[in-house]
Each structure stands twice: as C-alpha cells, then as structure tokens.
Amino acid sequence: MLQYIIRRILIAIPVLFGVTVLNFFIINLAPGNPVDMMVNPSATPEQLAATKHALGLDQPVWAQYWNWLVQLLHGNLGFSYSTREPVTQILMAHVGPTVLLMGISLIVGYLIAIPLGIICARKQNSWIDYLVTGFSFFGISIPHFFLGLGVIYVFASKLLWFPTGSMNTLGGDGSFIDTFNHLVLPVLVLATGIGGNMVRYVRSSMLDVLGKDYLRTAKAKGLSQFLITNKHALRNSLIPIITVIGIDIPLLIGGAIVTEQVFQWPGLGLLTIQSITSRDYSTLMAINLLAACTVLFANLLTDILYAVADPRIRYD
Amino acid sequence: MGMKLNPNKNVPEMTGTETSGQMVVQFEKEETYLHMVMRRFLKHRLACVGVAVFLLILLIALLAPVIAPQDPAKIFNEFEAPPSAAHWLGTDPVGRDVMSRLIFGAQVSIAVGIGAVAIYVAIGIVLGLVAGYFGGWVDMLIMRLTDVFMSFPYFMVILVLVSIIGPSLFNITLVIGLLGWPAIARLVRGSVLSIKEMDYVKAGVALGYSTPKILFQHILPNALAPILVNATFGVASAIIMEASLSFLGMGVRPPAASWGNMLTQAESITVLSSQPWLWIPPGLMILLAVLSVNFIGDGLRDAIESQNAK
Amino acid sequence: MNMPLDQEKPLLQVKHLKKYYPIKKGVISRTVGYVKAVDDVSFDIYPGETMGIVGESGCGKSTTGRSLVRLEDPTAGQVLFQGKDLATVSQKEMRKLRTDLQIIFQDPYSSLNPRKRIGDLLAEPLLAHKLATKAEAEKKVNEIMEIVGLPKQYKNRYPHQFSGGQRQRIGIARALMLRPKLIICDEPVSALDVSIQAQVLNLLKDLQKSLNLTYVFIAHGLGAVKYISDRITVMYLGKVMELATTREIFEHPKHPYTEILLNAYPIPNPHERNRTQMVIEGDVPSPANPPKGCVFHTRCPFAKDICREKAPGLTGKDHLVACHFPIDEGKA
C-alpha cells in the first residue's frame, strides 16, 4: 500500500513537469508579442529591443521556459501584461470566490445526489427511479449557460427572489446573508450538473453491489432492509464513487468558467474570460497551470483514497 | 461464452451433423453480434426517441438552405421584433430572422459534434493501440502524455487555445478534436491489454500477419464497443462545448449562426427578461440535441454491456 | 510410425532453450528474480514424426511450444528451423518462415476472432501472404473445410455458432491453410469433451499421413500423447527429465517422474493393475524458486544426498534421462 502511494506520487512528478511544458507551449502559440502591448506605440525599435531583452524574450524558447520555471519555483508567476500587477496577487484575489462557489456546489450536488441514487437503486424501475433518472439526464445535458440564464429569468428577473449576479450587492454591507443570496443561483446551476452525473454513478454502483452474494447472505440472515442498505451495501458501493470526484473536478472547473461569466461571479472563471479579452497571457498561463495542478492533485488524492478505502485492491 | 441461446425469438432447433456426430445448435436465423446489439438497443425506448430526434436535427442541418425561410445573415429593417407571420421567432437586435438562424445553427452543432469526435477517436485509437500492443517504454510515454493532457481541465484549455489561434468553426472542431483523445486512448489501451493475450491474436502472429493488420483487423474490431459508447457521449459533450464557446464569443461568431452565439444576446438583462423568443428556442435546441445523443449513448451502453455480461 | 533415423536431418533443432520471466517488485520495479519457465531444453525434431511433450501445468511445455513458433522470444539458446535461427532472422524472413510453422491452440473459444466469419478467417492467411486470389482462396477454403469435416455452407457463420470440437477443427483448418511443415499442437484436445477428443486426434493423425506433417504435440497427460506420438519428452519445472520413443517411455521408463506419470494414467487391462503404484506427493515447487540440485528431488521417492546437491545432466544415446539413479530394467 505504502509502496503504491509512493509510486503514484513518483509518477505524478514527470506528469507535473509535462503539465508545465505543455502550458508554456500553449501560451507561446499566442500571436503578437507581449512587448508590443506593454510599451507605448511610439517606442523606437531600440527601446523595443531593450524591453525584449529585459524580459528575456530574445532568448530561445527553451531558455525562456527555463527562466519561467525557475521563477515559478520561487513562487513568482510574473506580471500581468495588462495591469502590470504581480500575477500571484491577481490570482489570490480571485481564488476565494471560486473555491467558495465550487466547494459549495460540490457539497450540495453530492448531498442531493447520493441519497437519490440510493433510493433509485433500492426502488429500481419505480416512478421515482424514472423521475430521478430523467432529471439526471436533464442535468448532464443542459449547458450551464442556458440553465444559468433560465434561473436568472425565472428567479431573479420574474420572481425577484435572488440577485441576477455578482457576489455582493454593490455598496452593500457584504454580509454573509448577502453573499448567500448571491450564491444560491450559481450553486443551483453547478450542482445540477454535478448531481446529475453523480446520481447515475451511485445508482449503478449500488445496483451492482446489491446483486452481490454477500448481500443475499445478509438478506437470508434476516437483516433488516435498513441495515442491509446502509451498512453493507452503502460502504461497498460508495468506494468506486471516490474516483468520480477526480473526474468531477475538471468538469467543475469548465462549468465554473461559464457560470461565473453568466453570474458575473468574481472568481477565476471570470478572470479567465477577462484575461482572454485583454490578451493577458501571463495571467492566463498562471490560471491554466493552477487549474491543471488542482486536477492533478485531485486525481492523486482520489487514487490514494481509493487504495486506502478498498482493502481488496492490490497494486504491484 | 459459447453459443447463446436466445429465449425470445429464435427457438434453437437441435440437429446432429453427420460429419462430426456432435450436437449443434442451429439458429433459424443466424444472429450476428451486430443484430444482437441492435435488438437490445431497440428495446431501449428513450434511445429510440433519441435516434429519431437526432435524425431530425441532422435532417434540419442538411436541408437548412431549403427549409429556412430567410438567409440567416440577412438584416431586415425591423430589429428585436416579436414573433410574427413574417418572422416566426421574431428578429434579433441586429434585425436577422431568428427562425432561420435557429435552422442554420443545427449545421454548426452537428459539424462540431461529429467532426471533433471523429478526430479524437482516430487519435485515441492509434495511440491506445500502440501503447497497449507494444507496451514497454512506448506505453509508458503515451500514458504519461495522456496523464498530462488529462490534467488540464478540458474546457479551460480549449477556451485558452481557441482564444489564441482565433475562434472559428474549423478551429474549435480542431482544438476539441486534438484535445479529446486521452479518454479514448486509455479505453483502447485497456481493451488491447486483455485482447492481445487472446489466442486469436497469437494465431495472427503465428500466421505471419503484419502488425497493422493484427492491430486494426483483429484487435480493434473487438475493442470497438466501448469506444462507440464513449464517442457517442463525446458528441454530446462536444455540442455543449461548441455552444459554450460560441456563447462566450470564442466559438462561431456572428454573422454566422450558432445556437450558442444566439444566446450571447441574453446576457443583456433586457433581452433576457423581455425577449425570451431570442434565447429560449436556441437553448432548447441545444438541450434537445444533447439529450438525444445522451439517450443514444445510454441505449448503446446498455445494449453492449448486457451483451458482454452474458 | 516414422521412426527417426539418425542419418536424416532434423527439421527443427532446439538448443539450450531458456525462457526466464523477470519478477518485478518495489517502487521502481526492480527485478528481484526470475521465473525459469524453460531452463536449458534441447531436442531435435525429424520430418514426419510427432514429438510429444508431457508435464504438469507450469512445467514450461507450452512456453517451449510457443518459443518454437516464436510467439515467445527466448532468453537464451536457439531454435533452428531447417538450420535457421528463428531469433536472428529478419522480420521479413520470419514472416516467410511462419508459413512453414503453425500452431493449434488449447482453447478453441479464444483462438478464433469472434468478429470474423469462418470463411474469411480461413481465407485470410492465403490473402495476407498473397498466395492466392480471392477466388482461389475461396476454393481452398472449401477444400479445407471438407478435409477437416465441416460442411462448407458453415462458411458464413461466426465462431460463436460452433461447438468446441468444431471450433478446434476450424483452428486446425486455419493452421493448414499455409501448408506448413511443422505444427505445434498446444494441448489441442484438453479443452474438449472426452468423446470429441478421439475425433480430433484421429483427424490430426489422418492429416499427418496425407499431408506429410511434423507435429509437436503438447499435453499434460500421457493418454493422448501415447496415441499420437513417436517420441516423448517429459518435462518438469522447465527441464527435460526424459526423452525416448513412445514404446520405451511406456515400457521401460527410466525417470521416477515418468514412472509416476505412467501410474497416473489408468491401465486399460485389469490384469496388469496389480503392479506397484508410485504416488506423487506434494505440489510442484515454484518455478521462481526451484529446488537446488535435481529439481525433482523434493517429490522423488528415491532421492539421495547427491540429488539435493547436484543437478543430473541429460544422458544416454537414444533414451535420454536426467537422473542420478535411473530406474533399472525389470525393477519397474
């Protein structure tokens, strides 16, 4: 087990390295030159060359990559091409709202989906199973932006129950209640997608376990349905679901970009769109790297959790 | 494995064959694997509805120039007009006919959905076959590359790449296609690892077949079922992806019509609240298209998995 | 029976064949040892004969068989087919050589591609080697199906529509398509019902006569091997224990292990059943950690000190045996 964990971590290291290379490569595809955007248009070619040299942009690509990597290891992500603030600082300002939004959506999505999935498996082919399965298909099929616009139309524009966007009321007190009010609709959108996915996994995993011999034994022993479902089946069917969390993270990040844009939620998703619009590639590169590391870490964690949770699994 | 007795239609009739003296089950109708999957698929009611809806959307896409009442890019004098006899779904803020744009938007969704998936399935199959069959350092390299690609949140990296190389129908198809292969590659590799140990693959080697022949004619056909399921769900996700990119202004751009970019206007609160005909129809079309493909995928999975379980 | 003649040139020579599989452990997959699946095996096979290879599961007989058609690359040693070392010939030449070397697999359920019709499956070898046009191939498929006893209208069927015995006939037919000189039969009847086994064995025997084939026939019991083989190699833990003609092996076994295998083989004549029964005890030791000295000493009723110390070499002229104390004439 310990050996597996060590090996899994060792494998993650070259992958992390690959992530930085690919990330650098993608951003280097960008046409145009950051220098053109930084110096004023009337700069002389000499001035341009000087700025280029100062930024190390006259060096070959691999050397630029190396400089960037060294800076990265020092925690320095460079400066924004558009606002000239340190990228680390910009990132820090936007991480909080995104973590808040994604975290709550994940929790809400799972809290709704897991019990529903269990009920569906218990009452397979009942009306409630069909209803929930239908909803889950809806959840995985509706684009976040359409659902987002839909809930704004209904709950914000027509019913006026919740604000249309942003994280706090402009000029408001920024209280917890205020933030909560702003959170409801975007969380609803993200949790629908996550929950729709999760219900289907829980249902099929539970059905799988319910058909196993040891559960028939439990039934034959006369254990109550409650005990069978909650003690014997649940534990065993939830273990494979751990891996789903690893799959959900990248989907969640993609969903968050669109959702933050629709609701003008001041997180990393909105920052991404703004950086794309202003061609702020240094910020974009940092967000992309942060997102990739999050996914990498989430996958590593779920793999290890999976190994810890399921004693049957042997790795060699 | 072995012979499958089918309780439903094909009552097996037992006959002895003289040549071997063994009992052989002979089907009235010889059912191939494909027939079997088809029969199971057709039992899945939602999947059949999915096929019907998808075919309808495909037909709309193909016949768009014929059935659209107007040129989707033509600008009329009346803009933001509510639905009327002349413009069934009204006109957009620029004065274009929404109904016609809706019909032409089907072309974009179908093109990206099928085009992008075709590209990444091809890449994923080749990489998965090579990694699984040859093993060793080739496998190691491909799998680590897969890990690297899978570490990037799919949508985010597509968004960044498209913004760099420039948004267009061709570019988003290409980018989704070039980034979507890792899941397929892993799937194919897994199948190949088990299939290559089968004696029929060893027999192919012993018979002196070339490696490409073994890979593509003997291994691939037996690994195809899960790829098909995955690719179907992939089409649904590519359609959402295109719509989202176009919605964000990083996909198909006006005046070209895409269901996604038709919804961009609804970011304005006045359009959103007082002109629902502008954004609800394209949104519903996306939902319908994605839902139909997801139903097809679900039906395929059930048909193929219950087959494998027996 | 075609007895091997000394002056005849062997079709296939196996020289000190070794196949070791590394055992990997730990974080960085260090090789901590080897499974010696085949450990220094040598024998010759002459045209027209059938060489039986017998042993318990895990003795390396299948690995040996697969090495003969280069489905396994040997760790050391040589497999010479008509004087050519299979391990060193070029890819191109190997593909050509494969038309002469074929294999029939044990499991008829996994040896046929489930997605191909039988007709295509059989025509494929000819077309892949460009030995026939489509029309010619079809004619040859019809011929071969008749030879192996399958109605030719079954051509359009898929493998799952056949029984185990029929599938094995298809496997044989496929191996015959290229008109090979040597066929490795890797336990071709073990997976079949007893009643079908005899049919398939008879078919193999008839084919050998009519097509002048050479067989290597691998089996875990002596029953089938006695019926079809001219000579028999007895293997244990990757090594050859005894090699002699079928008659010698059955009538004058020299290795205690052979004797034990013979005892496991039921005697058809009830009057002979009173002979002393030697029964084997214990399990086969792990090939990853074979016993020192003679690999059989842990289970040998006659093992002495020297057996635990020194591995016996394979000695003898026509009747080869690897034992410090071979069984004498009359003792058995």
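**Notebook: helix packing, domains and chain contacts**

I noted first that the crossing of helix 7 of chain A and helix 11 of chain A is right-handed. The model I am reading is a predicted one.

**Entry 1: the two helices in chain A**

I looked up where these helices lie: helix 7 of chain A covers residues 144–158, and helix 11 of chain A covers residues 241–263. Two packed helices are described by the angle between their axes and the distance between the axes, so I wrote down both values. The axes come within 9 Å and cross at roughly 30 degrees. Angles under 35 degrees count as roughly parallel, and helix 7 and helix 11 of chain A are therefore roughly parallel to each other.

Next I listed the residues that meet. From helix 7 of chain A, I have His144(A), Phe145(A), Gly148(A) and Leu149(A). Across from them, helix 11 of chain A brings Gly255(A), Val258(A), Thr259(A), Val262(A) and Phe263(A). Sorted by class, this contact has 5 nonpolar and 4 polar residues, with no charged ones.

**Entry 2: the domains of chain A**

I found chain A divided into domain 1, residues 2–73, and domain 2, residues 93–309. Between them, 14 residues of domain 1 are in contact with 12 residues of domain 2.

Which helix of chain A gives the most to the side of domain 1 that touches domain 2? I checked, and helix 1 of chain A does, with 11 residues. Helix 1 (2–28) and helix 2 (34–38) of chain A each supply at least two residues of that side. By class, I recorded 11 nonpolar, 2 polar and 1 charged for the residues on this side of domain 1.

**Entry 3: chain B against chain A**

I then turned to the contact between the chains, where 36 residues of chain B are in contact with 35 residues of chain A. Several helices of chain B each supply at least two residues of the side that touches chain A, among them helix 4 (136–151), helix 9 (211–247) and helix 12 (276–309). Helix 5 of chain B gives the most to this side, with 10 residues. I noted the classes for this side of chain B as 28 nonpolar, 6 polar and 2 charged.

**Entry 4: chain B by itself**

I looked up the secondary structure of chain B and found 12 helices and 2 strands. Along the sequence, the two strands come before the helices. Of the 310 residues in chain B, 50% are buried. I also looked at contacts in chain B between residues at least 6 apart in sequence, and 66% of these join residues at least 24 apart.

Technical notes:
Residues numbered from 1 in each chain as written. Chains lettered and ligands numbered in written order. Predicted model: local features only at pLDDT ≥ 70, side-chain atom pairs only at ≥ 80, totals over all residues. Axes fitted to C-alpha atoms, helices over the stretch in contact; angles between N-to-C directions. Helix = DSSP H or I, 4+ residues; strand = E, 2+ residues; numbered from the N terminus. Parallel < 35°, antiparallel > 145°, perpendicular 65-115°, else oblique. Left-handed = near helix turned anticlockwise from the far one by under 90°. Contact = placed C-beta atoms within 7 Å. Nonpolar A, V, L, I, M, F, W, Y, C, P; charged D, E, K, R; others polar. Domains from an automatic or database assignment. Buried ≥ 20, exposed ≤ 12 C-beta atoms within 10 Å, placed from the backbone.
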